[in-house]
Amino acid sequence: MYNKYLELFGIEVSDLQRLINIALEEGGDYADLYFEHSISNELALRDGEVNAAGSHIDYGVGIRVLSGDQTGYAYSEITTMPQMEKAARTAARIATSASGSYIPPQNITLLQGNNRYPIIKGWEQTTVTDKIPYLNRLNTLVFDADSRVVKVMARISDSITKILFYNSLGETYADLRPMVSVTCNCVMQDGGKIESGGTSRSFRSGFEMIDDRLIDTIAEEVISKTAFLFGAKQPKGGEMQVVMGSGSSGILLHEAVGHAFEADFNRKGTSIFSDMMGKQVCHNSINIIDDGTIKGNRGAVNYDDEGIPGQKTYLVKDGILNSYLHDRISASYYNTAPTGNGRRESFRYMPLPRMRATYMESGNLPEEELIASVKNGIYADNFSNGQVQIGAGDFTFFVKSGYLIENGKLTQPIKDINIIGNGPQALKDIIAVADNNTIDNSTWTCGKEQYCPVSCGMPSVLVNKLTVGGSN
């Protein structure tokens with residue numbers, strides 16, 4: 001595969017080394033090259049028929065130079081040597097330094113490891129006609145399931161990305177990264193009342209991921225989530241105990257604490273956890289992980305975007321802050337090893353510390369015990385998005401649906417509420433963890449100056465105190 005990728009980008013190994021030499025000619029400490037060729041496809045159904053399709057090809061190289069605390073970055077959408085040499089010189093000048101001269105490595109190390117996203121049927125061998133029957137099946141199933149359905153919108157998106165990486169340490173790798181997402185939204189009407197809901201699945205996989213069982217599951221979920229809303233009401237707001245259901249409540253970890261564990265925020269002193277390494281940040285039964293090794297997961301990486309193997313990182317171990325999420329820059333600053341979290345949206349962007357699959361390990365209690373211990377509170381089980389202020393750690397999450405908890409039992413269905421709190425405090429306020437950790441395989445995408453696919457998960461947890469924004 002490696003030699004095929006050299007051919008794809010029209011280069012030889014000697015060209016890679018020449019570009020590194022140019023990138024470091026101003027005296028930089030380190031440089032890397034990130035070649036990318038990506039083909040993305042989309043097929044959409046609306047108004048009862050598959051009526052929209054599109055394809056997009058992206059191609060180019062990003063060149064990064066590190067010199068002390070300075071970073072130089074430039075990219076080219078053309079991989080001829082003159083254009084790439086120009087980009088290399090631009091990156092070198094941005095990161096100008098008076099450091100010593102660069103000595104090329106004696107040997108090239110081809111990085112090879114576990115393939116966490118094997119492909120059985122590739123997207124390059126899959127046609128539009130292969131996908132259409134699944135969208136039609138999804139449309140039929142949703143309409144047939146409930147007479148209140150008035151509109152169905154469904155989409156299959158797939159991509160295949162070929163990466164070639166080379167750095168000034170002589171390390172190189174080639175990676176073939178697939179991605180597929182199936183999404184469905186429906187609108188239901190009951191008299192004068194209209195509700196809408198949606199669900200999705202996304203994996204690093206080939207066409208083999210899409211089958212009748214997956215389509216059936218998506219149809220059942222979208223109907224269940226939407227129909228639920230007709231009997232739901234906004235609860236009264238206030239400060240109360242909250243049981244966060246397993247799965248999508250992992251957005252709490254991602255937004256409220258995950259970003260605050262990214263090492264660039266801590267290195268700059270903007271994270272509330274900047275001086276908390278090795279200290280107790282929550283109950284000693286809690287373990288929080290960011291994982292790039294889950295096979296087929298949306299956030300999985302064989303190697304990150306700066307040549308570090310994907311790995312499983314304990315951010316919190318037995319309640320103690322154990323690690324930040326590091327790229328090469330922050331790892332050098334903290335004198336530790338990178339954690340494989342250097343990620344980028346495309347060759348047009350330099351890598352930053354980013355999450356992969358962030359989740360909490362299971363506890364040892366049944367979810368029913370968490371619910372039974374709450375006299376007055378809410379159970380939240382369908383989260384859609386959130387926002388956080390990294391410095392203060394304050395967050396807001398939108399909860400699409402859940403239940404009131406009254407005297408230890410789930411009662412009135414609820415919808416459309418905000419949960420407001422502070423990430424570090426909410427972490428401290430988790431007083432019980434259930435035994436049902438679930439990774440939510442929806443189309444989660446993290447925005448941090450640029451976009452990256454991620455996933456999240458969580459067992460059900462009982463948070464002792466959060467502010468619920470509801471009706472007056």
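**Helix packing, a small lining and a loop residue**

Helix H4 passes helix H5 in a right-handed crossing. The model in which this crossing appears is a predicted one. The two helices, H4 spanning residues 128–145 and H5 spanning residues 212–228, have axes that come within 9 Å and cross at roughly 35°. On the H4 side, the residues that take part are Tyr134, Arg137, Leu138, Leu141, Val142 and Ala145. Their partners in H5 are Asp212, Ile215, Asp216, Ile218, Ala219, Val222 and Ile223. Sorted by class, the residues of this contact comprise 10 nonpolar and 3 charged, with no polar residues.

Attention may now turn to helix H2, which covers residues 13–23. Its buried residues are Asp15, Leu16, Gln17, Leu19, Ile20, Ile22 and Ala23. Both helices and strands contribute to what covers these residues: helix H1 (2–8) and helix H3 (81–94) are included, as are strand S1 (30–46), strand S2 (49–67) and strand S5 (149–167).

The next topic is enclosed space. How many cavities of 30 Å³ or more does a search of the whole structure find? The search finds 1, and about 30 Å³ of space lies in the largest cavity. The elements that give two or more residues to its lining are helix H6 (251–258) and helix H10 (423–428). H6 gives the most, with 4 residues. The lining as a whole consists of Leu252, Leu253, Ala256 and Val257, together with Gly423, Ala426, Leu427 and Ile430. In terms of class, 7 of the lining residues are nonpolar and 1 is polar, while none is charged.

A final stop is Asp318, in the loop between strand S10 (312–317) and strand S11 (320–321). Is Asp318 buried, partly exposed or exposed? Asp318 has a relative accessibility of 41%, and it therefore counts as partly exposed, since that class lies between the 20% limit for buried residues and the 50% limit for exposed ones. Which residues does Asp318 contact, once its neighbours within four places in sequence are left aside? They are Gln280, His283, Asn284, Ile286 and Asn287. For one of these, Ile286, the separation from Asp318 is 32 residues in sequence, yet the C-alpha atoms of the two residues are 5.5 Å apart in space.

Definitions and conventions: Residues are numbered from 1 along each chain as its sequence is written. This is a predicted model: local features need pLDDT of at least 70, side-chain atom pairs count only at pLDDT 80 or more; totals for chains, interfaces and linings use all residues. Side-chain values use heavy atoms; hydrogens and water are left out. On a 1 Å grid over the protein atoms alone, a cavity is a set of points where a 1.4 Å probe fits but cannot get out, and a pocket is an open set with protein on both sides within 12 Å along at least five of seven lines; lining residues have an atom within 4 Å of a point. Grid points are joined across faces, edges and corners, and a volume is the space filled by probe spheres set on the points. Ala, Val, Leu, Ile, Met, Phe, Trp, Tyr, Cys and Pro count as nonpolar, Asp, Glu, Lys and Arg as charged, and the others, Gly among them, as polar. Buried means under 20% relative accessible area, exposed over 50%, partly exposed in between (1.4 Å probe, protein chains only). Contact means heavy atoms within 4.5 Å. Axes are lines fitted to C-alpha atoms, for helices over the stretch in contact, and angles run from 0 to 180 degrees between N-to-C directions. A crossing is left-handed if the near helix is turned anticlockwise from the far one by less than a right angle, and right-handed if clockwise.
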